[in-house]
Amino acid sequence: MIAEREFSGYIAAVSLRVSPRARGIRLSVEPEGVLVTVPRRYTLQDVNEALYIHENWIGRQLGELLTDLDRISPDAIPYQGDGYPIMPSPIKLVLFQDGEFLAPGKSREARKEAVRGWMTKQARPAFSNAVAERALEMGVSPSRVIVRDQKRRWGSCSSKRTISLNWRLIMAPEEILDYIIIHELAHLRHMNHSRRFWTLVERHCPDYPECEQWISDEGRRLMME
């Protein structure tokens, strides 16, 4: 961490990460604070100048982030596009029934963590089946499907044809999961974001711009779960 700084009235921790892949300074606002990613050649003075130049933008992002946090109830969690309450359960199993989660745990966070674990287990077979169906339709063959816990990415496609998906997609509407799967499978034909790539995506997901907009508007909230 560099230090705590004020941005348009908001106090946030500023952390620095050096990345040999970075071509310039990148700023991102996360629940943990402001992350500054820089290539090796940059100095601390360069970082401070970037923070000063983008102070108003960072302040707006922090304000939106705090608004999102206020909207999240500690006793509720999104699942397949809708929010459901989490209720205490006397048994050591998570159950989803009658529009609510029953979860073990002595605290709110413990019960929420139990539901997260349940969702991750549900995501693995559900995502694998969904990928298999779309892959058959698109005429592509991934080598395997991995469900991961990622803080910044919804999915990826490796050079080894491995499709990785964020377990939090199970909290999103089904059409968002479907779009991310189509997006990553399209990379098996085009390992870029060229016009041909987006033409292929549109062929299988005509409303992908709306999905991208949903991710832009709501995705950060899910990443905080």
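Trainee: Let's start in strand 8. Which residue there is the bridge partner of Met-87?

Mentor: Keep in mind that this is a predicted model. Strand 6 covers residues 82-88, and strand 8 covers residues 100-103; the two pair in the parallel sense over 3 bridges. For Met-87, the bridge partner in strand 8 is Leu-102.

Trainee: Okay, and which strands stand at the edges of that sheet?

Mentor: The sheet is open, has 4 strands with mixed pairing, and runs in the order 5-6-8-7. Each edge strand has a single partner strand, so one side of it is left without a neighbour in the sheet. That describes strand 5 (76-79) and strand 7 (95-97).

Trainee: By how much are neighbouring strands turned against each other on average?

Mentor: For this one, direction is ignored. Across this sheet, the average turn between neighbouring strands is 35°.

Trainee: Which helix packs on the sheet?

Mentor: Look for a helix touching strand 5, strand 6, strand 7 and strand 8. Its direction makes about 10° with that of strand 5. The one you want spans residues 108-138: helix 3.

Trainee: Now for the rings. How many aromatic pairs are there in the whole structure, and what is the centre-to-centre value for Tyr-79 and Phe-101?

Mentor: A search of the whole structure turns up 12 aromatic pairs. Tyr-79 and Phe-101 make one that is edge-to-face, with 70° between the planes. This pair links distant parts of the chain, as Tyr-79 sits in strand 5 and Phe-101 in strand 8, 22 residues apart. Centre to centre, the value is 5.6 Å.

Trainee: Which residue of helix 3 does Phe-101 pair with?

Mentor: That pair is edge-to-face too, at 5.5 Å centre to centre and 75° between the planes. Phe-101 lies in strand 8 and its partner in helix 3, so the pair ties together parts 17 residues apart in sequence. The partner is Trp-118.

Trainee: Is Trp-118 buried or exposed?

Mentor: Buried means under 20% relative accessible area. Trp-118 has 17%, so the word for it is buried.

Trainee: Which residues do ring pairs link into a cluster?

Mentor: You've already met Phe-101, which is buried with a relative accessible area of 0%. Ring pairs join it into a cluster whose members are Tyr-79, Tyr-84, Phe-96, Phe-101 and Trp-118.

Trainee: Last one: how many residues of helix 4 are buried?

Mentor: Helix 4 (residues 174-186) reaches 18 Å from its first C-alpha to its last. What covers its buried residues includes helix 3, strand 10 and helix 6. The helix is mostly covered, and of its 13 residues the buried ones number 10.

Conventions: Residues numbered from 1 in each chain as written. Predicted model: local features only at pLDDT ≥ 70, side-chain atom pairs only at ≥ 80, totals over all residues. Heavy atoms only, no water. Pairing = 2+ DSSP bridges. Axes fitted to C-alpha atoms, helices over the stretch in contact; angles between N-to-C directions. Contact = heavy atoms within 4.5 Å. Phe/Tyr/Trp six-rings, centres within 6.5 Å; stacked < 30°, edge-to-face > 60°. Buried < 20%, exposed > 50% of the residue type's maximum accessible area, 1.4 Å probe, protein only. Expected span 1.5 Å × (residues − 1).
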